[in-house]
Amino acid sequence: MIPATRNNENAENLYVRYVNPQWVRLLDVLQMNVSYVRCSGAELHTADGRLILDFNSGYCVHNVGHNHPRVVAALKDELDKNGPAMLQSHVADLAGELAGRLCRLSGGRLSKVFFGSSGSEGVEAAIKFARAHTGRSGILCASGGFHGLTCGALSLMSNAFWKEGFGSLLPNTEFVPYGDTEELELKLATKAFAAFVLEPIQGEGGVLLPPQEYLSSAQALCRRYHTLFVLDEVQTGLYRTGPFLAAHHFAVEPDMVILAKALSGGLVPCSAVLMSDAVCDSVYSSLKRALIHTSTFGENSLAMRAGLASLDILEDERLEQRATTAGETLRSALTERLAKYEMISEIRGLGLLNAIEFKAPRSFKRRLAFETFAKIHPAIFGQLVVMRLFRDHGILCQVCGNDFMVLKISPPLVVNDVQLDRFVSAVEQVVQLMHDSGSFWSEALGIAQRVVRSI
Ligand SMILES: Cc1ncc(COP(=O)(O)O)c(C=O)c1O
């Protein structure tokens, strides 16, 4: 298949000149720099007539699919009203309505909501609120997590790659291994931590599912040592894994939950921090502190309308069930078709948050090639899989940000069976190529050389 290319050179030149030239170089190296002209459901149409299937969903943003007509209509309707979109001097009624629905869907002790515009901003709020509630400054986190790239959120991430060059971050942030309750208890017993913040399923860490009792034990330990149990459901929330929250798989009732990404249908930035009354009261504790934590765009009516429309769609189209059944179909098809290949380590996931983990080959010839690339750059192997899927098969997906040997599979929840089949066949062909043909590895060498030259 002939690679699609961008058609709008001028726009690209402006981007290179005024935004981020390195991003354009990276897309060029990976042969993924194409111009998208129309996106709908799980389909992305390029300027040169290619159809790409989106199995990344903007990292779990497009749960209802791209440009869902009901979200688009709700936004147009809201614009036509000429209402007080961002007055910040009034009671934002749509915010109350959306908050009420989010609390009801989340259940447990979550009964108040703070709205922001990004996942990171939600994490920042959670840090402040936990500190205000407990009077402690420490934040404990699970190693390998991803929580966002603002200074506070970044402090909660153990992977040094993301922090390099940015100076000192929040003090008193510490890490415990994900899944390990003994280490967790040792840390919590110091009573230095306001919150234990983690993703219930680590997305960028490699789509890592917790041991069955881990989250409930972690929650019990947090309660014992008066540390807030905070779940970052920025990727896992909004029915991505089946139920509204991934927490619902594990019967836990967190003190705070952070939602973002899919919350507003992929068209308007929006995040929400759900919390108990007690946590909220600790922050907004008096008239004087009524605005002690706010965000200009937080409750804007477009984000709220998009959020309400997204919840309607997720419920009306029964995307909870769709995520569950499509996920099962996908995992069993991948397991059946890929199990025989030596470089497949595991296929795992819940709902439509899934992963294929690769491993180094045992056979001498392939191992030599694999290790050469791993030495040049640990991401090259994974990016080669991503590039092949994109260029040769019209599939967009990505490796995990904190584990380059794991291909993350997170299509819109509206993905249909034909699209799932096309994905499985594409992956099988790429996996077969890496096992049976020298061309996969010789191309890898070419890319590796270009990467090294570009660094
Ligand atoms: C689990 C998780 N938390 C937080 C964030 C940060 O969200 P944002 O990029 O909207 O700031 C991300 C982003 O990928 C994420 O995956």
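The legends below describe close-up views of a predicted model.

**View 1. Residues around the ligand in the predicted model.** The ligand is surrounded by Ser 118, Gly 119, Ser 120, Phe 146, His 147, Gly 148, Glu 199, Asp 232, Val 234, Gln 235 and Lys 261. By residue class, this shell consists of two nonpolar, six polar and three charged residues.

**View 2. Polar contacts of the ligand with Gly 119, Phe 146 and Lys 261.** On the backbone side, an N or O atom of Gly 119 is placed 2.8 Å from an oxygen atom of the ligand, while a backbone N or O atom of Phe 146 is placed 3.4 Å from a nitrogen atom of the ligand. A side chain also takes part, since an N or O atom in the side chain of Lys 261 is 3.0 Å from an oxygen atom of the ligand. Of the 380 Å² that the ligand exposes when taken alone, the protein buries 82%.

**View 3. Leu 188 and its surroundings in helix α8.** Leu 188 belongs to helix α8, which covers residues 181–188. Because its relative accessible area is 0%, Leu 188 is classed as buried. Leaving aside residues up to four places away in sequence, Leu 188 is in contact with Leu 140, Leu 221, Cys 222, Tyr 225 and Thr 227. For one of these partners, Leu 221, the separation from Leu 188 is 33 residues in sequence, and the two C-alpha atoms are 7.5 Å apart in space.

**View 4. Gln 219 and its contacts from helix α9.** Gln 219 is part of helix α9, made up of residues 214–224. With a relative accessibility of 12%, which is under the 20% limit, Gln 219 counts as buried. When residues up to four places away in sequence are not counted, Gln 219 touches Phe 229, Val 252, Glu 253 and Pro 254.

**View 5. Asn 67, a residue with positive phi in a loop.** Asn 67 sits in the loop that runs between α3 (57–60) and α4 (69–80). Although Asn 67 is not a glycine, its phi is positive, at about 50°. Its relative accessibility is 36%, so Asn 67 counts as partly exposed.

**View 6. Arg 318, a residue with positive phi in the loop between α11 and α12.** The loop that holds Arg 318 lies between α11 (301–316) and α12 (319–338). Here too the residue is other than glycine, and the phi of Arg 318 is positive, near 50°. Arg 318 is classed as exposed because its relative accessible area is 52%, and exposed residues are those over 50%.

Technical notes. Residues are numbered from 1 along each chain as its sequence is written. This is a predicted model: local features need pLDDT of at least 70, side-chain atom pairs count only at pLDDT 80 or more; totals for chains, interfaces and linings use all residues. Side-chain values use heavy atoms; hydrogens and water are left out. Helices (H or I, at least four residues) and strands (E, at least two) are DSSP runs, numbered from the N terminus. Buried means under 20% relative accessible area, exposed over 50%, partly exposed in between (1.4 Å probe, protein chains only). Contact means heavy atoms within 4.5 Å. A residue is near a molecule or strand if one of its heavy atoms lies within 4 Å of it. A polar contact is a pair of N or O atoms within 3.5 Å; within protein, one must be able to donate a hydrogen and the other to accept it, and residues adjacent in sequence count only if both atoms are side-chain atoms. Accessible areas come from the Shrake-Rupley method with a 1.4 Å probe; for residues, only the protein chains shown count as cover. Ala, Val, Leu, Ile, Met, Phe, Trp, Tyr, Cys and Pro count as nonpolar, Asp, Glu, Lys and Arg as charged, and the others, Gly among them, as polar.
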